[in-house]
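Student: Please take me slowly through a single part of this structure, from one residue to the surroundings it belongs to. I would like to follow the reasoning at each step.

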Amino acid sequence: MERDQAMSAAVGVGFSSTATAEGIASAVRLALARAHAPAASLHASARKRDSQTLAEAARALVLPLVFHDEADLRRRGGDVASHSPRIAALAGVGSLAEAAALAGAGEGSRLIVTKFSRDGVSCAVAIVSES
């Protein structure tokens, strides 16, 4: 993946009920290190709106937390690189983390870090494409 030093990034996250706030924060930090881009915001499915664990991670990272409804995520579903049959059946997209990152970065965005998972947390990073 390309490295874009000057652009801020939208980090998409998905996570299991066993994930901890520190686990989420650690995965986001790793995603940003892989992206070589500063984060502007953290993005997730609206299904996670009531998650205190995610809110705690966002506070620890000092990032605004933005939620996207399923329709917004599905609009970016064709742009995701990863495909989990379980997540596709649940949410209609192959990767919630990638779809959330792309929705957060906006129209014309692209993934610079495809989904990776660790400790029950999936992360992806997107930026607005310059081309």
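Tutor: A residue is called buried when its relative accessible area is under 20%, exposed when that area is over 50%, and partly exposed in between. Please keep in mind that this is a predicted model. With that cut-off in hand we can begin at S122, which lies in strand β5, a strand that covers residues 121-128. The relative accessibility of S122 is 17%, and therefore this residue counts as buried. The side chain of S122 makes a polar contact, at 2.7 Å, with the side chain of S117. If we set aside the neighbours within four places in sequence, the contacts of S122 include G12, V13 and G14, and they also include A97, K115 and F116.

One of those contacts, V13, leads us onward, since V13 is among the residues with the most contacts inside the largest nonpolar core, together with I24, V28, L42, C123 and V125. That core has 28 residues, and at least two of them are supplied by each of β1 (9-15), α1 (21-35), β2 (39-45), α2 (52-61), β4 (109-118) and β5. The largest share, eight residues, comes from α1. A second, separate core has 16 residues, and V80, A91, L102 and A105 are included in it. As background, nonpolar side chains in soluble globular proteins tend to be buried together.

Since α1 gives the largest share of the first core, that helix deserves a careful look. Its 15 residues, at 1.5 Å a residue, should span 21 Å, and the C-alpha atoms at its ends are 21 Å apart, so the expected and computed spans agree. The buried residues of α1 are A21, G23, I24, A25, A27, V28, A31, L32 and A35, and these buried residues pack against β1, β2, α2, β4 and β5. For I24, again leaving aside neighbours within four places in sequence, the contacts are F15, A19, T53, L54, A57 and V121. Just after α1, H36 takes a positive phi of about 55°.

Charged residues add another part of the picture. Side chains of opposite charge can pair when their charged atoms come close, and the structure holds six salt bridges. One of them joins E22 to R29, whose closest N and O atoms are 3.4 Å apart. The relative accessibility of R29 is 39%, which means that R29 counts as partly exposed.

Another salt bridge joins the side chains of R74 and E70, at 2.9 Å from N to O. These two residues are four apart in helix α3 (residues 70-75), so about one helical turn separates them. Both values of accessibility fall in the middle range, because R74 stands at 42% and E70 at 26%, and each therefore counts as partly exposed. R47 joins E70 and R74 in a network of salt bridges.

A last pair brings us back to the definition with which we started. The side chains of R76 and D79 meet in a salt bridge of 2.9 Å, N to O. R76 counts as buried because its relative accessibility is 9%, whereas D79, with a relative accessible area of 44%, is partly exposed.

Conventions
Residues are numbered from 1 along each chain as its sequence is written. This is a predicted model: local features need pLDDT of at least 70, side-chain atom pairs count only at pLDDT 80 or more; totals for chains, interfaces and linings use all residues. Side-chain values use heavy atoms; hydrogens and water are left out. Buried means under 20% relative accessible area, exposed over 50%, partly exposed in between (1.4 Å probe, protein chains only). A polar contact is a pair of N or O atoms within 3.5 Å; within protein, one must be able to donate a hydrogen and the other to accept it, and residues adjacent in sequence count only if both atoms are side-chain atoms. Contact means heavy atoms within 4.5 Å. A salt bridge is a side-chain nitrogen of Lys or Arg within 4 Å of a carboxyl oxygen of Asp or Glu. A nonpolar core is a set of buried Ala, Val, Leu, Ile, Met, Phe, Trp, Tyr and Cys residues joined through side-chain atoms within 4.5 Å. The expected span of a helix is 1.5 Å times one less than its number of residues.
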